[in-house]
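Visitor: I have some questions about why things get the names they do. Could you take me through the reasoning?

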Amino acid sequence: MKKFRSIFVLIFIVVALFTSGCTEKNLSAEQIAAQMMDKENSTRDYSYTMHVTTYLGGEIKETESKTLFKKPNMTKSIVTEPGKENQTIIVSDGKILWSYTPDTNTVTKIKISKASELTKNDYTNIISEFLNDTNVTMPGVENIDGRKTYLLETTPKENDGDYELIYKTKIWVDQETWMPLRYETYNGDGSLTMRLEIQDLKVNTEIPDSEFKFEIPKGAKIVDLGEIRPPEELSLEEARKKASFKILTPEYLPEGYEFNNTMIYNNSQFSPENQRFETVELTYTKDKAFIALAETVSMNQSSDATIMGKGEDIQINGIEGKYLSMRKTKLLTWKLGDVNLSLCASLEKDEMLKIAESISEKI
């Protein structure tokens with residue numbers, strides 16, 4: 001997930017760079033982050049149509065969405081999938097989030113919690129982290145649908161030899177509006193994995209508030225979920241009292257890492273019984289580095305979270321699992337009894353395996 005979050009972060013970084021006229025190669029991540037925030041602060045509203053095509057596992061999937069956004073937190077998305085006449089609609093006026101699923105003629109209503117809003121400092125940290133891991137170059141100028149664009153490419157600064165999804169990125173920035181018109185990602189073999197195209201982009205057009213008022217379709221079933229609050233940070237003792245299963249902990253941690261917090265995610269409030277799950281996430285930190293251990297129990301035991309489409313087959317104490325390297329981030333997944341485990345950290349493979357092997361079902 002972190003990779004795809006970085007995709008959209010990069011788009012805004014590029015916009016900030018060109019809008020400010022800063023294209024020097026020695027510009028620091030902190031300077032770029034600050035200029036991105038300046039650009040974002042001048043944006044009152046925007047709208048666009050986005051077409052996304054993914055090429056994964058021999059399958060091609062396409063989606064198209066029309067998106068509107070108005071500060072401080074009004075959003076509207078209309079998603080269309082090929083072969084479907086009806087459209088999924090998600091609308092928020094900043095207080096209530098409405099989601100309409102046409103296949104079941106169901107409307108979901110959620111009261112938005114202020115605590116769920118991201119802070120600017122969090123966003124700036126994401127940008128700096130991404131820039132520190134990549135090299136950004138401008139190979140030249142190209143035409144996209146009759147418009148002149150700057151073509152930029154990114155590659156990782158450190159090559160760990162394993163890029164299943166994203167190795168190189170290309171982004172085309174419109175010379176007139178300084179906004180991205182196309183974005184592509186390639187894996188380590190040079191194969192295209194995703195193409196994102198932005199069309200009919202408009203900025204600061206004074207979108208009226210009425211665009212974000214949702215009208216319930218006739219005959220639709222309404223599911224009111226009330227207020228969904230983000231999970232709170234708990235101590236290990238508090239989490240053990242609240243979790244529905246025994247929380248597993250590693251006996252080994254690399255030097256300097258200490259327990260930070262635990263969070264519990266439970267979807268029982270808004271999902272049918274056969275789709276319910278509970279996840280406990282333990283975080284260990286050392287300065288800015290972290291180790292995240294997620295443990296999930298699903299009501300539908302046929303759903304196995306240890307299965308990844310790609311990754312290296314590994315053994316953890318004789319149990320089959322998967323190992324995936326994503327630039328600096330490494331991921332291990334395996335299963336102990338009914339608990340699916342996922343270990344994520346920026347550590348060497350041997351250290352990841354040592355942590356995983358120290359986790360057991362024994363008390």
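Guide: Gladly. Let us begin with a definition: a charge sits over a ring if NZ of Lys or CZ of Arg is within 6 Å of the ring centre and within 35 degrees of the ring normal. In this predicted model, Lys168 lies over the face of Tyr186, at 5.3 Å from the ring centre.

Visitor: What makes Lys354 another case of a charge over a ring?

Guide: Its partner is Tyr252, with 4.4 Å to the ring centre. The cut-off for the distance is 6 Å, and Lys354 lies over the face of that ring.

Visitor: Let us move to ring pairs. How many aromatic pairs does the structure hold?

Guide: There are 4 aromatic pairs. One of them is formed by Tyr46 and Tyr48, with ring centres 6.0 Å apart and planes at 15°.

Visitor: Why is the pair of Tyr46 and Tyr48 called stacked?

Guide: A pair of aromatic rings is described by the distance of the centres and the angle of the planes. Centres must lie within 6.5 Å, and planes under 30 degrees apart count as stacked. With 6.0 Å and 15°, Tyr46 and Tyr48 meet both conditions, so the pair is stacked. These two tyrosines also form one aromatic cluster with Phe69.

Visitor: Which of these labels, buried or partly exposed, goes to Tyr46, and which to Tyr48?

Guide: Buried means under 20% relative accessible area, and exposed means over 50%. Tyr46 has 22%, so it is partly exposed. Tyr48 has 17%, so it counts as buried.

Visitor: How do you know that Trp98 and Phe214 are stacked?

Guide: Their ring centres are 5.4 Å apart and their planes stand at 20°. The angle is under 30 degrees and the distance is within 6.5 Å, so this pair is stacked too. The pair links distant parts of the chain, 116 residues apart: Trp98 belongs to strand E5, and Phe214 to the loop between strand E11 (192-203) and strand E12 (221-228). At 16%, Trp98 is under the 20% cut-off and therefore buried. Phe214, at 17%, is buried for the same reason.

Visitor: Now the charged side chains. What makes Lys66 and Asp200 a salt bridge?

Guide: A salt bridge needs a side-chain nitrogen of Lys or Arg within 4 Å of a carboxyl oxygen of Asp or Glu. For Lys66 and Asp200 the N to O distance is 3.9 Å, within that cut-off. Lys66 lies in strand E2 (residues 59-70) and Asp200 in strand E11, so the bridge ties together parts that are 134 residues apart in sequence. It is one of 10 salt bridges in the structure.

Visitor: Why are Lys66 and Asp200 called partly exposed?

Guide: Lys66 has a relative accessible area of 27%, and Asp200 has 45%. Both values fall between 20% and 50%, so both residues are partly exposed.

Visitor: How do you know that Asp209 and Lys70 form a salt bridge?

Guide: Their N to O distance is 2.7 Å, within the 4 Å allowed. The pair links distant parts of the chain, 139 residues apart, with Asp209 in the loop between E11 and E12 and Lys70 in strand E2. Asp209 is partly exposed, at 39%.

Visitor: Where in the chain are Glu197 and Arg182?

Guide: Glu197 is in strand E11 and Arg182 in strand E10 (residues 180-186), 15 residues apart. Their side chains meet in a salt bridge at 3.4 Å, N to O, and both residues are buried. Elsewhere, salt bridges that share partners join Lys66, Asp200 and Lys202 into one network.

Visitor: What makes Thr53 buried?

Guide: Its relative accessibility is 6%, under the 20% cut-off, so Thr53 counts as buried. Thr53 is found in strand E1 (residues 45-56). Beyond its neighbours within four places in sequence, its contacts are Ile60, Lys61, Glu62, Thr193, Met194 and Arg195.

Visitor: One last item, helix H5 (residues 349-357). Which of its residues are buried?

Guide: They are Met352, Leu353, Ile355 and Ala356. These residues cover an arc of only 160° around the axis, which puts them on the same side of H5. What covers them includes strands E15 (289-298), E16 (312-316), E18 (329-336) and E19 (339-345).

Note on methods. Residues numbered from 1 in each chain as written. Predicted model: local features only at pLDDT ≥ 70, side-chain atom pairs only at ≥ 80, totals over all residues. Heavy atoms only, no water. Helix = DSSP H or I, 4+ residues; strand = E, 2+ residues; numbered from the N terminus. Buried < 20%, exposed > 50% of the residue type's maximum accessible area, 1.4 Å probe, protein only. Contact = heavy atoms within 4.5 Å. Phe/Tyr/Trp six-rings, centres within 6.5 Å; stacked < 30°, edge-to-face > 60°. Arc of directions from axis to C-beta.
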